Amino acid sequence: MELRLEDFNLRSVCVDLLKNFWVILLAVLAAWFGIAGVYQLRYVPEYTASATVAVSSRGNSGSVYSSLSLTNEMAGVLGEVFQSDALKNTIMEDLGWDHFDGELGASVIDETNLLILSATSPSPRETYLMIQSALENYDTVSEYLFSNARLDMVKEASVPQSPSNVQNIRRIQKIGMLGAGGLTAAAIALFSFLRLTVKTRETARRQLDGHVLGTIPYERKNRTLKAILGRRRKKALLISSSLHSMAFSESVRRISTVLEHHMKRRGQKILMVTSAEENEGKSSVAANLALALAEKGKKVLLVDGDMRKPALYKIFDRPKETGHSLSEFLEGQCSIQDVITREKSGIFTVLQYHGIRRSGRDLNGEKMKTFLQQCRGLVDYIIIDTPPMNLATDAEIILGQVDAVALVVRQDWSDIGVINDISDVVTQSGADFAGYILNAFHREYPWQRMTSSYGYYGYQSKQDRS
């Protein structure tokens, strides 16, 4: 499938980043401890002992050479002697070593006759012995160059107490943390963009195989103070209540009008509302469509055909003990009058109060078919809420008993390929695929509305009116 800029949704990326914040945190911690671990594995401590000496003349005790430039040059030459292999061999003989595991160094202080001599090795004791032996045997190596030069001690060497090659690992760790966190966040954002879900209305228009009936905007359930504080159970968003925005109710009414015209032109009465996956809002959409049709004076029967995980009784705030379930009627435990209830809003409902395992057998029985045939003559429209088609076969069983099907698609939820496969199954079954209802869509950004007229907060888009 082709991805475009219109498919990018900043909110989806932000949600993915928040959901996967623990992954970013793990990457940051892994970088912190990983750098520390590598440093500890590769780190070999080195200890340095140094002494400062002055180059002076043997003939003139305590005096420096008359020419400071000459003295400085002599100190440079003596510094090279200090680092020579000849001195190293002398030190090994003096200390009885068979190898020289360290380094000698010398540096001249500019415009002075001062020479800083240093020794470095992995052992503080060996380092001290090395610098002391070098100072004691230095004359024997350098005498053939400057017989009249001598070294006067200015600062003696001492046993080093701490390593001299300690690195600023904290700075490296901070850079590694920022890099790991940034790369992980970028990868999550990239995967979010590449995930083949319906993130925008433009994506739905281009990549879904079928007609888009309309868009229902996202609406928060806890709009009351008690619900926000958790003192009251969140109520379902129904257009018959006052706990919703004008955009939400008008979008539902607009979709119900489109469906009514669609079904009226074809002489249809039974509409199946389903989805690809769970939690896409199909039950709420089915209930609101029924309420919207009832507002126009239509007699509507709303049936909870999701007998595995029923939800309509919760939407209408009905306790489990208040009525009979559809499964009880299909199994002959009660009459048709016992399961049909008239709600305050004016619609009729057939609810399911508890989940059952044998739902497929009950829905495929003759009693269900007879029930729907009887209800055709009693009401104007029948809306059936069914299980998600990608999770259960119950919806496919009901396909043969309905006239039209509407598929609820939640923003950034189900895979586009799965959604299109379901629409193909509906078409192949012989039922009329009315189209898609885009549900819980957040406000879009300007670059995502370029192909629409005004969006669901104003007039309908061209796609919704077609």
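## Cysteines

In this predicted model, Cys375 is buried, with a relative accessible area of 2%. Cys14, by contrast, has 37% relative accessibility and counts as partly exposed. The count of disulfides in the model comes to 0.

Cys375 is also one of the residues in contact with Ile382, once neighbours within four places in sequence are left aside.

## Nonpolar cores

Ile382 belongs to the largest nonpolar core, which has 44 residues. Together with Leu301 and Phe371, Ile382 touches the most other members of that core. Beyond its neighbours within four places in sequence, Ile382 is in contact with Lys269, Ile270, Leu271, Leu301, Val303, Leu372, Cys375 and Arg376. A second core, separate from this one, holds 38 residues, among them Met263, Leu312, Tyr353 and Ala406.

## Overall architecture

The protein comprises 18 helices and 12 strands. Its chain has 466 residues, of which 46% count as buried. The accessible surface comes to about 23,700 Å², and carbon and sulfur atoms account for 53% of that area.

Contacts between residues at least 6 apart in sequence were also classified by separation: 79% of them join residues at least 24 apart.

## Helix H10

Helix H10 covers residues 282–295. With 14 residues at 1.5 Å a residue, H10 should span 20 Å, and its end C-alpha atoms are 20 Å apart, so the expected and computed lengths agree.

H10 is mostly covered, since 12 of its 14 residues are buried. The buried set includes Lys282, Ser283 and Asn288 as well as Val285, Leu289, Leu291 and Leu293. Also buried in H10 are Ala286, Ala287, Ala290, Ala292 and Ala294. After the helix comes Gly297, with a positive phi near 90°.

## The loop between E4 and H6

Glu156 and Ala157 both lie in the loop between strand E4 and helix H6. Strand E4 runs over residues 149–155 and helix H6 over residues 169–194. Glu156 is exposed, with a relative accessible area of 63%, whereas Ala157 is buried, with a relative accessible area of 10%. The value for Ala157 falls under the 20% limit for a buried residue, and that for Glu156 is over the 50% limit for an exposed one.

Both residues reach parts of the chain outside the loop. Leaving aside neighbours within four places in sequence, Glu156 is in contact with Ser50 and Ala51. The C-alpha atoms of Glu156 and Ala51 are separated by 5.0 Å, although the two residues are 105 residues apart along the chain. Ala157 is likewise in contact with Ser50 and Ala51, and also with Tyr128, Ile131 and Gln132. Between Ala157 and Tyr128, 29 residues apart along the chain, the C-alpha separation is 7.3 Å.

## Gln352 and Ser327

Gln352 is placed in the loop between strand E9 (348–350) and helix H14 (359–363). At 0% relative accessibility, Gln352 counts as buried. Its side chain makes a polar contact with the side chain of Ser327 at 2.9 Å, and the side chain of Gln352 also reaches the backbone oxygen of His354 at 2.8 Å. Not counting residues up to four places away in sequence, Gln352 touches Asp304, Met307, Pro310, Tyr313, Ser325, Leu326 and Ser327.

Ser327, the side-chain partner of Gln352, is found in helix H12, residues 326–330. Ser327 is buried as well, at 2% relative accessibility. Apart from residues up to four places away in sequence, Ser327 touches Met307, Gln352, His354, Ile356 and Asp362. Met307 thus appears among the residues touched by Gln352 and among those touched by Ser327.

## Positive phi outside glycine

Asp317 has a positive phi, near 55°, in a residue other than glycine. Asp317 is located in the loop between helix H11 (312–315) and H12, and at 47% relative accessibility it counts as partly exposed.

Asp412 likewise has a positive phi of about 55° although it is not a glycine. Its place is the loop between strand E11 (404–410) and helix H17 (416–429). Asp412 counts as buried at 16% relative accessibility, whereas Asp317 is partly exposed.

Methods:
Residues numbered from 1 in each chain as written. Predicted model: local features only at pLDDT ≥ 70, side-chain atom pairs only at ≥ 80, totals over all residues. Heavy atoms only, no water. Core = buried A, V, L, I, M, F, W, Y, C linked by side-chain atoms within 4.5 Å. Buried < 20%, exposed > 50% of the residue type's maximum accessible area, 1.4 Å probe, protein only. Contact = heavy atoms within 4.5 Å. Helix = DSSP H or I, 4+ residues; strand = E, 2+ residues; numbered from the N terminus. Expected span 1.5 Å × (residues − 1). Polar contact = N/O pair within 3.5 Å; in protein donor to acceptor, adjacent residues only side chain to side chain. Disulfide = S-S within 2.5 Å. Areas by Shrake-Rupley, 256 points an atom, 1.4 Å probe, with all protein chains shown as cover.
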